[in-house]
Amino acid sequence: MSGGDADLERLIGRVLQIGVAASSLSLALGLAALIPFPHASAWLLQAGIIILILTPTARVVLSIVEYASARDWTFTLLTSIVLLELVGGAIAAFVFHKRL
């Protein structure tokens, strides 16, 4: 593994760690607030789930930026396709969630 690849892997690992930690903290606070403040805790729980869902998407975006800066157009294209699939899936879920 070259130095650039190792740096990318460390950066992606850090992004994933931060995302999971932020999500876990939000979910824990939301669960702790559930008993005394049932309505107020909903936004913390929702934020935790959204952060957890967006964490892998942030990894894909970071990969696109890194591959493009390294002028590795094959991986830039492939990773962009993955991002489009993630966004398309999110849009489909948003549009069709009440219809099923």
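Student: In which helix is Phe96 found?

Tutor: A helix here is a DSSP run of H or I with at least four residues, and helices are numbered from the N terminus. In this predicted model, where local features need pLDDT of at least 70, side-chain atom pairs count only at pLDDT 80 or more, and totals for chains, interfaces and linings use all residues, Phe96 belongs to helix 3, which covers residues 73–96. Residues are numbered from 1 along each chain as its sequence is written, and side-chain values use heavy atoms, with hydrogens and water left out.

Student: Is Phe96 buried, partly exposed or exposed?

Tutor: The word depends on relative accessible area (buried under 20%, exposed over 50%, partly exposed in between, with a 1.4 Å probe and protein chains only). Phe96 has a relative accessible area of 41% and is therefore partly exposed.

Student: Which residues make a nonpolar surface patch with Phe96?

Tutor: Such a patch joins nonpolar side chains (Val, Leu, Ile, Met, Phe, Trp, Tyr) within 5 Å, taking residues with over 30% relative accessible area and no salt bridge. Here Phe96 joins Val87, Ile91, Phe94 and Val95 in a patch of about 490 Å², an area that comes from the Shrake-Rupley method with a 1.4 Å probe.

Student: How many salt bridges does the model have, and which side chains meet in one?

Tutor: A salt bridge is a side-chain nitrogen of Lys or Arg within 4 Å of a carboxyl oxygen of Asp or Glu. The count comes to one, and it joins the side chains of Asp7 and Arg10, with 2.7 Å from N to O. Because Asp7 and Arg10 are three residues apart in helix 1 (residues 3–32), about one helical turn separates them. Asp7, at a relative accessible area of 44%, is partly exposed, whereas Arg10, at 56%, counts as exposed.

Student: Which residues line the largest pocket?

Tutor: A pocket is an open set of points on a 1 Å grid over the protein atoms alone, where a 1.4 Å probe fits, with protein on both sides within 12 Å along at least five of seven lines, and its lining residues have an atom within 4 Å of a point. In this model the lining of the largest pocket is formed by Ile50, Ile53, Leu54, Pro56, Thr57, Leu86, Val87 and Ala90. Two or more of these residues come from each of helix 2 (42–69) and helix 3, and helix 2 gives the most, with five residues. Val87 appears both in this lining and in the nonpolar patch with Phe96.

Student: Where is Arg71 placed, and what phi does Arg71 have?

Tutor: Arg71 sits in the loop between helix 2 and helix 3, and although Arg71 is not a glycine, its phi is positive, at about 60°. With 63% relative accessibility, Arg71 counts as exposed.

Student: How far apart in space are residues that are separated along the chain, such as Gly13 and Arg59?

Tutor: One can compare the separation in sequence with the distance between C-alpha atoms: Gly13 and Arg59 are 46 residues apart in sequence and 8.7 Å apart in space. Gly13 lies in helix 1 and is partly exposed, with a relative accessible area of 27%. Leu78, in helix 3, has its C-alpha atom 8.9 Å from that of Ile64, the two being 14 residues apart along the chain. Trp43, in helix 2, is 17 residues from Ser26 along the chain, and their C-alpha atoms are separated by 9.2 Å. At 57% relative accessibility Trp43 counts as exposed, while Leu78, at 46%, counts as partly exposed.

Terms used
Patches are made of residues with over 30% relative accessible area and no salt bridge: like charges are joined within 9 Å, nonpolar side chains (Val, Leu, Ile, Met, Phe, Trp, Tyr) within 5 Å.
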